[in-house]
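Here is a short report for a reader new to this structure. Please look at the sequence and the model first.

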Amino acid sequence: MPMINEIDFGTPASKSEKFVTLTIDGNEISVPEGTSIMRASMEAGIEVPKLCATDMMDAFGSCRLCLVEIEGRAGMPASCTTPVAPGMVVSTQTQRLKDVRRGVMELYISDHPLDCLTCAANGDCELQDMAGAVGLRDVRYGYDGENHVKARNDGAINIKWQPKDESNPYFTFDPAKCIVCSRCVRACEEVQGTFALTIEGRGFDSRVSAGMHEDFMSSECVSCGACVQACPTATLIEKSVIEIGQPEHSAVTTCAYCGVGCSFKAEMRGEELVRMVPWKDGQANRGHSCVKGRFAYGYSTHKDRILNPMIREKVTDPWREVTWEEAYAHVASEFRRIQYQYGRESVGGITSSRCTNEETYLVQKLVRAGFGNNNVDTCARVCHSPTGYGLGQAFGTSAGTQNFDSVEHSDVVMVIGANPTDGHPVFGSRLKKRLREGAKLIVLDPRRIDLVRTPHVEASYHLPLKPGTNVAVLTALAHVIVTEGLADEKFIRERCDWSEYEDWAAFVAEPYHSPEAVERYTGVPADLVRGAARLFARGGNGAIYYGLGVTEHSQGSTTVMAIANLAMVTGNIGRPGVGVNPLRGQNNVQGSCDMGSFPHELPGYRHISDDATRETFEKLWGVTLNNEPGLRIPNMLDAAVDGTFKGIYIQGEDILQSDPDTKHVAAGLAAMECVVVHDLFLNETANYAHVFLPGSTFLEKDGTFTNAERRINRVRKVMKPKNGFADWEVTQKLAQAMGLPWNYKHPSEIMDEIAATTPSFASVSYDYLEKMGSVQWPCNEKHPYGSPIMHVDGFVRGKGKFIRTEYVATDEKTGARFPLLLTTGRILSQYNVGAQTRRTDNVAWHEEDRLEIHPHDAENRGIRDADWVRLASRSGETTLRALITDRVAPGVVYTTFHHPNTQANVITTDFSDWATNCPEYKVTAVQVAPSNGPSGWQRDYEEQARQSRRIAGKLEAAE
Amino acid sequence: MNVHLNAADVSTRTRAIVAGCKHLEGPLLPILHEIQHEFGFVSQEAVPVIASELNLSRAEVHGVVTFYHDFRDHPAGRHVLKLCRAEACQSMGGEALAERAKKLLGIDWHQTTMDGAVTLEPVFCLGLCSCAPSAMLDGAVHGRVAASDLDDLIAEARQ
């Protein structure tokens, strides 16, 4: 496997469709109008020397190395800032140019250390390459004058010298090596959109500064890595490269964090991962990354990883390490025993949204074909199940309608219950870029998320609604659109069912849906709702992006339908720049849903009661499938408490920490006789497990992930599994132990089976993915290249369906005992339950969960910033430290759930979405009071967790 | 003005200045001028306030402030004496004049005399090349500055 070397064209591609022909060094070349001479040259295979140019950013023209001569023009223009013109005759190498370039290079090198041999960038340094390219042999100016290189000049302190900034855990900043090309500053501005860097001073004093001459950690830097990637020298460089050295081979793979699904080059030295570098051809991320995908992969080699299978009789026993064979045989015999004793329905499985499509497919196959029931569910139950249901009802497909590129064509973007700059940072950056270009933004969120106001981005409308009133606000928006005549009647008549529309329009037009009428309980001033509705309806291409703030409510499915209604009534479906876009939480939550992880659905969202679909699988698998839907996660836990559900196989999910009402989950697990946890770490759920099967990371297996835009991306194995087997192999061995005749030799064979059985995946194969890079399903005969945008010529279900969305207040209400509303979310540096990110240096940014509380509410309760507070709901109580901020409105408190000792889900209730059982995480009535420290439950829990993690013959595994 | 200010004060007065200039096209430079006029320098406390009010990053404002030599990060003396260091003035004895000024004041470039009376700054061209060497005291330019003229200027400033 060689290194994947990406060509840097120097300036971004022009999107013009008009072509211009010119001659460069005697070669005739045609390029789109607006292309720079530099890029045109590179496309003709002629590399013009450059330092400040890179194709991730606009041309800057500061390094003076890329000068060219153009016939009929005076002087030597910079090729990066000069666009091509018809008939232009360009020379990139003349004696004059060579002399000038060499002179420029001499100036650069006269203020640069000459430690190439011991420099971390040796072998990957553009300055070094350019010195070679221009034939630098001597520096006439010498190295003795003023400089930024030496700490001391002839014994005297050199005030121009600055020490290295090592504050960021992942990269260093060494100003002595800086050539002030501004690439890092521009990357931070143009690519990431954080504007954390600048050039301070002027002339020879110019230097890169993070924030106001701060270190990187204290500045606004979010550690996305764009500046490190942009740096042509070793000034900004990964600490891993300093430590290990340059990589020698690489493979393209897909990030295993959020649902954006960024493509990365895993750059390796042998089996050691040197660094992850975003891949420019990755169609989800277009060469960008965030702190998690770029840097937070250290968990894969963390000492907490369990590498041997373990068994114990009782959960109070210490773990006992066993052989794989023993573990498989034990699980097989236990599950068979339980089914014999308690009936076929007494066992089930949970598929993982972090594992590959192929692994997920196998787990549901094991449940359906091996256990002989449909008791399979996945973590989408607790996040985006309402998306699947709601969009399925309205449009006919259970997924987002666009690709991420679509945002480049949006004019008005509505973000509902999502916090893209933290939860989906790379999409957040792409969105911010579009907003800086002038697109308008509407935010519906109880909390003032960063997007509401962040450098160069400001929402036109922020509707700070009370948690739980999404449906009321969305229906009020529809009310304004319908009653003010803003509906796109032509679109509706062509694409939607007109009589259903009329019924719905009459419903939303009712006066009790008006913004003025709902203001009382939504807390959103009516004029904001009216303004936002008018902007969305009239502002051009309108796109809606939403997250778990929409779905994790008792009316989650209704809210999704209300969003679909809003898109249809404004004609915003079926072309670039519009659409309904769920921002999926986990890397493969879309895929796990696609793969038939729900108890009522076979792969491809086909109902289990559909005879034809069942027959396809029955024939292939040689079994008879149960035509009744099985149990959902909450039902499994209820049944366990009732004593009818006794065994579960959980792959890569930590339900104890992530699912609502922790005490109920714990009771359910405790009531089971065989809990099998298949994971990287002894997670919280494993405290109640009888069998632990070690899992493998995304770096250790082949497979595919499907991201939020339905894009099927390859995951490539770059090292052998530390635990010995990829997860799909473990599931297969388990199935074999249960007597199933499985014999997959490679995940590609599993994908072939998926393609053969699932129409929307019919054309997908590893060979095809190799050729295409990635495809978006549906990918079949009708859509051979996949489907970037859905519902282009008509809705998948035929006519778009308008559905009435009556607001019903949640049963979770505030009162005298619990006067505040708690809502939850995530933060940039941490991911989900934190099992991965807590085991990386990302803890430098977020070492504990904090409770955000408005100054007014804090003052009433005598709470000061950083005080310990007790957070109590009807379900339970926990303690954490307060963070006083006006990001949350009075009456609302907010926390993240990344740390197990916070136990935020002890607080959340078991209310859930009426259609899909998706838990109502986002609304819990609570009370907050000062406290001295951890609650009794937290202390007991910690002790129990410690006890439960003991491994016989080993020191206690440290969490 | 050269008084000690607390952060809250700086913040309130900065906000008021920004509010007055916000409507201008490209308001940052006018704001920085006003701030310097109000406080005598652009304090570190004012930068984040300006950034937040204009919806810029701290880094961006810092970049602009440091680009211009005339924006100070600490208060100057009661008077600022600038001596031209550009080519024309150097060829007309500017170098000697500068040495004289340093000696008379007992300070180097960018420093302020112990009594807080005078800050000495180099400047690169006051546009008075035909009357070199030139100097500027508190905004008033002086051409053909002979040694005795310099002594008078300094004496005036020290009063």
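Which residues of chain A does UniProt list for "domain: 4Fe-4S His(Cys)3-ligated-type"? The unreviewed UniProt entry lists residues 96-135 of chain A. Keep in mind that this is a predicted model. Over residues 96-135 of chain A, the chain is 57% helix and 0% strand. The C-alpha atoms at the two ends of this stretch are 14 Å apart.

Now turn to the strands of chain A. Strand β1 covers residues 19-24. Its side chains alternate. On one face, A:V20, A:L22 and A:I24 are buried. On the other face, A:F19, A:T21 and A:T23 are not buried.

Strand β1 of chain A pairs with two strands, β2 and β4. The table sets out both pairings.

| Partner of β1(A) | Residues in chain A | Sense | Bridges |
|---|---|---|---|
| β2(A) | 27-32 | antiparallel | six |
| β4(A) | 89-91 | parallel | two |

Specific residues mark each pairing. A:V20, one of the buried residues of β1(A), stands opposite A:V31 in β2(A). A:T23 is on the face that is not buried. A:T23 stands opposite A:V89 in β4(A).

How do β1(A) and β2(A) connect, and what is the phi of A:D25 in the turn? The two strands form a hairpin with two residues between them. A:D25 in that turn has a positive phi of about 50°.

Chain B comes last. Chain B is divided into domain 1 (7-67) and domain 2 (79-158). Taken over C-alpha atoms, the centres of domain 1 of chain B and domain 2 of chain B are separated by 30 Å.

Terms used: Residues are numbered from 1 along each chain as its sequence is written. Chains are lettered from A and ligands numbered from 1 in the order in which they are written. This is a predicted model: local features need pLDDT of at least 70, side-chain atom pairs count only at pLDDT 80 or more; totals for chains, interfaces and linings use all residues. A residue is buried if 20 or more other C-beta atoms lie within 10 Å of its own, exposed if 12 or fewer, and partly exposed in between; C-beta atoms are placed from the backbone. Helices (H or I, at least four residues) and strands (E, at least two) are DSSP runs, numbered from the N terminus. Two strands pair if DSSP finds at least two bridges between them. UniProt positions are given in the numbering used here, feature names are shortened, and annotations may be inferred rather than shown by experiment. Domain bounds come from an automatic or database domain assignment.
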